[in-house]
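Here are a few notes to read alongside the model. Please keep the sequence and the 3D view open as you go.

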Amino acid sequence: MARANGRGNLDRIEQENLEFFERVRSSYLQQARNSSGRYRLIDASVSLNEVQQKLLKFVMNFSPVG
């Protein structure tokens, strides 16, 4: 949210209250726990560049299962 607020004009979703984001996060974390291997958790508390590098590394190494 700090990055979104820093950009200025927030979209409809970004304007939701903190409780909304906590519910969404909780739901995704629960799904990740229940579906081993289907989700990747990326720490977004680091710099935007670091998040992008982690995502790029994952995508470049991604191999679909099945």
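1. Let's begin with a charged contact in this predicted model. The side chains of R23 and E19 form a salt bridge, with a distance of 3.2 Å from N to O. The count for the structure comes to 1 salt bridge.

2. Where do R23 and E19 sit along the chain? Both belong to helix α2, which covers residues 18-34, and they are 4 residues apart, so about one helical turn separates them.

3. Are the two partners buried or exposed? R23 has a relative accessibility of 48% and counts as partly exposed. E19, at 51%, is exposed; the cut-off for that word is over 50%.

4. Next, the rings. The structure has 1 aromatic pair. F20 and F21 make up this pair, and their arrangement is edge-to-face: the centres are 5.2 Å apart and the planes meet at 80°. That label fits because planes over 60 degrees apart count as edge-to-face. As for F21, its relative accessible area is 23%, which makes this residue partly exposed.

5. Now step back to the whole protein. What does its secondary structure come to? There are 3 helices and 0 strands, and the order from the N terminus is α-α-α.

6. Finally, a look at the surface. Of the 66 residues in the protein, 8% are buried, where buried stands for under 20% relative accessible area. The accessible surface is about 6,000 Å², and carbon and sulfur atoms account for 52% of that area.

Note on methods. Residues numbered from 1 in each chain as written. Predicted model: local features only at pLDDT ≥ 70, side-chain atom pairs only at ≥ 80, totals over all residues. Heavy atoms only, no water. Phe/Tyr/Trp six-rings, centres within 6.5 Å; stacked < 30°, edge-to-face > 60°. Buried < 20%, exposed > 50% of the residue type's maximum accessible area, 1.4 Å probe, protein only. Helix = DSSP H or I, 4+ residues; strand = E, 2+ residues; numbered from the N terminus. Areas by Shrake-Rupley, 256 points an atom, 1.4 Å probe, with all protein chains shown as cover. Salt bridge = Lys/Arg side-chain N within 4 Å of Asp/Glu carboxyl O.
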